[in-house]
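User: Please take a close look at a single helix for me. I would like to know how it is built and what it packs against.

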Amino acid sequence: MNPYPDNYQECTEVAKREKAENARPAFQGKVDLSAHDTIFLGYPIWWGESPMIINTFLEKYDFVGKTIIPFNTHAGSGAAGRAFC
């Protein structure tokens, strides 16, 4: 598991490569969602979509009975494209 680079340009290049490969990058730790009915899911928009690690997160956990409220940031490209899988 490799951390994302701190440098913005390098980080977006990693994200671009992950998108092209339809990657499911791993992440550290576990999240206990059992005490929450509403999940706020924030992420940047990279290359027109959410980072692939968001798909990893969404595929890993059970969100049955939960409300997911997505929000995102972008560097000017807008929030076009799919919000998340």
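Analyst: Here is a close look at helix H1 and then at its partner. The model is predicted: local features need pLDDT of at least 70, side-chain atom pairs count only at pLDDT 80 or more, and totals for chains, interfaces and linings use all residues. Residues are numbered from 1 along each chain as its sequence is written, and side-chain values use heavy atoms, with hydrogens and water left out.

Helices (H or I, at least four residues) and strands (E, at least two) are DSSP runs, numbered from the N terminus. H1 covers residues 8-20. The expected span is 1.5 Å times one less than the number of residues. For the 13 residues of H1 that gives 18 Å, and the end C-alpha atoms are 18 Å apart, so the two agree.

Now the ends. Asn-7 caps the N-terminal end of H1, with a side-chain oxygen 3.0 Å from the backbone nitrogen of Gln-9. Just after H1, Asn-22 takes a positive phi of about 50°.

Next, the sides. Cys-11, Thr-12, Val-14, Ala-15 and Glu-18 are buried in H1. Buried means under 20% relative accessible area, exposed over 50%, partly exposed in between (1.4 Å probe, protein chains only). These buried residues cover an arc of only 155° around the axis, so they sit on the same side of H1. The arc is taken from the directions from the helix axis to the C-beta atoms.

What do the buried residues of H1 pack against? They pack against H2, where contact means heavy atoms within 4.5 Å.

Note on methods:
Polar contact = N/O pair within 3.5 Å; in protein donor to acceptor, adjacent residues only side chain to side chain.
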